[in-house]
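Hi everyone, thanks for coming. I'd like to walk you through one model today, so let me put it up on the screen.

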Amino acid sequence: MVARAYTVAFEGVEAKTVEVQCAVTAGIPGFSLVGLPDKAVTEARDRVRTALTSMAIALPSKRITINLSPADMPKEGSHFDLPIALALLAALEIIPTDAVEGTCSLGELSLDGSLLPVIGALPAALSAAEADRTLLCPKASGPEAAWVDAARVIGAATLADVVRHYTGQSPLAPAEPGEVIPDSSGRDLTDVKGQERAKRALEIAAAGRHHLMMVGTPGSGKSMLAARLPGLLPPLTAQEALETSMIHSLAGLIEEGGINRARPFREPHHTASMAAIVGGGRRASPGEISLAHNGVLFMDEFPEFTRSVLETLRQPVESGEVVVARANAHVKYPCRFMLVAAANPCKCGYLPDASRACARAPACGEDYMGRISGPLMDRFDLRIEVPPVSYTDLDLPSSGESSATVAARVATARDLQTARYRDHPGMRLNADAEGEMLTEIATPDTEGRDLLTKVADRFGLSARGYHRVLRVARTIADLDGSETIHRPHVAEAVSFRLSAAKES
Ligand SMILES: Nc1ncnc2c1ncn2[C@@H]1O[C@H](COP(=O)(O)OP(=O)(O)OP(=O)(O)O)[C@@H](O)[C@H]1O
Ligand SMILES: [Mg+2]
């Protein structure tokens with residue numbers, strides 16, 4: 001008899017159904033596993049055998065064959081232990097086959113039969129719900145999986161609990177979703193003294209999801225400003241929270257099943273490898289750009305990142321998804337993030353200050369910023385200089401607007417955009433607008449158009465640069481509550497485009 005259990009294999013954020021078939025036949029006793037398993041999956045044999053022994057279930061002196069179907073899809077990870085154990089228990093008629101067939105399971109077994117948490121419970125729950133199966137997972141992964149509304153999720157602490165559940169001795173209770181984690185950063189915009197222009201740029205960037213580049217001398221407050229950006233962004237919508245959590249689930253970042261409605265803020269170090277930033281690696285996993293999906297990717301000391309990492313960013317920044325090539329497949333992860341970069345103007349950092357700049361100025365500035373290619377720089381909608389704060393400004397008591405005040409304006413501008421792009425799937429914010437839609441929503445009035453044409457001619461704006469100015473002008477008009485884009489909106493957008501760095 002062939003018994004069947006179901007589980008999933010991950011391809012990007014998608015969880016594909018895998019059928020685990022188990023046949024116990026006469027022949028030379030043995031336990032074999034086929035169907036493109038990786039090392040962790042192959043080792044499941046020993047964990048399953050020992051876990052069953054710990055429950056006083058001896059394997060018969062027969063030939064046991066496990067097949068993971070479809071056989072040509074690579075299977076990675078330790079979560080195959082539980083479905084393999086289920087298929088085997090069903091084949092041995094210890095638990096009923098039909099109940100197992102209505103279940104999708106995942107979980108790692110320890111040698112004493114307890115079930116250890118695994119990554120990817122959330123996408124697995126979505127896949128199980130689509131296939132109309134119950135998801136059976138380790139107890140610790142249950143609260144995470146239970147976030148999928150349509151899913152039936154049960155969590156078990158041990159394999160013995162699973163057997164008691166299926167034999168009707170002690171049914172397991174459905175898992176409850178984890179807590180919503182409150183935002184507790186406690187950082188406020190009022191902590192930053194002066195820097196009004198930089199604060200304005202942060203507000204515009206937050207409102208339209210525009211990419212922002214800050215250039216300034218050491219200690220001028222760039223990292224401080226960036227760290228306050230999450231406080232200006234509205235919480236994730238339910239749909240966005242699910243999208244982002246799916247990626248975090250695959251990276252094993254969801255703690256105790258808690259879902260965070262605050263937008264992700266990722267700040268990878270400049271020594272991070274290509275796989276860490278973009279994704280991939282020996283076991284495919286999402287990189288920082290995908291972990292920042294629907295949130296902020298802050299790349300401090302931007303020119304210090306390796307050239308290959310910087311150049312690789314060009315495509316995902318535009319398309320909102322990244323395709324990672326593996327030995328035998330391509331894996332796609334979403335990565336619609338807001339890129340915030342900070343840099344010193346040169347290696348010593350004091351280029352604008354003649355009294356402190358090093359002997360190599362200004363050549364050192366060109367060398368340093370020259371590490372950022374023209375096409376990459378072109379992708380920043382907003383570029384600002386962050387000048388040093390004066391000591392008098394630092395001595396003043398906290399002033400200026402609080403994060404909550406700015407966040408309220410950002411939320412209003414974002415609501416306008418949500419309504420505008422409602423019928424345009426793939427576009428959510430002004431930064432996403434393109435093609436005819438961009439022309440329709442972001443054509444300025446005559447005076448604004450005149451100004452933009454003049455600037456484009458004078459500074460030789462690229463076509464991309466021209467469209468990016470239009471998008472920023474649309475966001476500035478939204479913050480102003482204006483339906484039409486007027487000349488001052490265009491002027492402000494242009495001013496952010498031309499400052500701080502080389503033009504393109
Ligand atoms: N505008 C400011 N208002 C208040 N404090 C500030 C301001 N700018 C800098 N500081 C103080 O200086 C410290 C360093 O600032 P921050 O790390 O943001 O500088 P930076 O521009 O990122 O420097 P670097 O280029 O060296 O990374 C802050 O922790 C804060 O104490
Ligand atoms: Mg810094």
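Let's start with helix H8, residues 196-208, which lies across three strands: S11 (212-216), S19 (338-343) and S20. Against S20, helix H8 runs at about 160°. Please keep in mind that this is a predicted model.

So which sheet do those strands belong to? It is an open sheet of five strands, paired in parallel, and the order is S13-S16-S19-S11-S20. At the edges you'll find S13 and S20; each has a single partner strand, so one side of each is left without a neighbour in the sheet.

Let's zoom in on the S13 edge. S13 and S16 run parallel, and two bridges join them. If you want a spot to look at, arginine 266 stands opposite leucine 297 in S16.

Now for the rings. How many aromatic pairs are there? The count comes to two. In one of them, phenylalanine 265 and phenylalanine 298 have ring centres 6.0 Å apart and planes at 25°; under 30 degrees counts as stacked, so that is what we call this pair. Here we are back at the two strands we just zoomed in on: phenylalanine 265 is in strand S13 (residues 265-266) and phenylalanine 298 is in strand S16 (residues 296-299), so to speak a link between distant parts of the chain, 33 residues apart. Phenylalanine 298 has 1% relative accessibility, which means that it counts as buried.

The other pair is phenylalanine 302 with phenylalanine 380. Their centres are 5.6 Å apart and their planes stand at 90°, so this one is edge-to-face. Phenylalanine 302 sits in the loop between S16 and helix H13 (307-312), while phenylalanine 380 sits in the loop between helix H16 (374-377) and strand S20 (382-386). That pair, too, links distant parts of the chain, 78 residues apart. Both phenylalanine 302 and phenylalanine 380 are buried.

Rings come up again with two arginines. The charged end of arginine 133 sits over the ring of tyrosine 6, at 3.7 Å from the ring centre. For arginine 458, the charged end sits over the ring of phenylalanine 459, 4.9 Å from its centre.

Last topic: confidence. The protein chain has a mean pLDDT of 90, with 96% of its residues at 70 or more. Where does pLDDT stay under 50? Over residues 500-504, for which the model has 24 contacts beyond four places in sequence. Where pLDDT is low, the predicted coordinates should not be read in detail.

That's my tour, thanks for listening!

Notes
Residues are numbered from 1 along each chain as its sequence is written. Chains are lettered from A and ligands numbered from 1 in the order in which they are written. This is a predicted model: local features need pLDDT of at least 70, side-chain atom pairs count only at pLDDT 80 or more; totals for chains, interfaces and linings use all residues. Side-chain values use heavy atoms; hydrogens and water are left out. Rings of Phe, Tyr and Trp (its six-membered ring) pair if their centres lie within 6.5 Å; planes under 30 degrees apart count as stacked, over 60 as edge-to-face and the rest as tilted. Helices (H or I, at least four residues) and strands (E, at least two) are DSSP runs, numbered from the N terminus. Buried means under 20% relative accessible area, exposed over 50%, partly exposed in between (1.4 Å probe, protein chains only). A charge sits over a ring if NZ of Lys or CZ of Arg is within 6 Å of the ring centre and within 35 degrees of the ring normal. Two strands pair if DSSP finds at least two bridges between them. Contact means heavy atoms within 4.5 Å. Axes are lines fitted to C-alpha atoms, for helices over the stretch in contact, and angles run from 0 to 180 degrees between N-to-C directions. pLDDT is the predictor's confidence in each residue, from 0 to 100.
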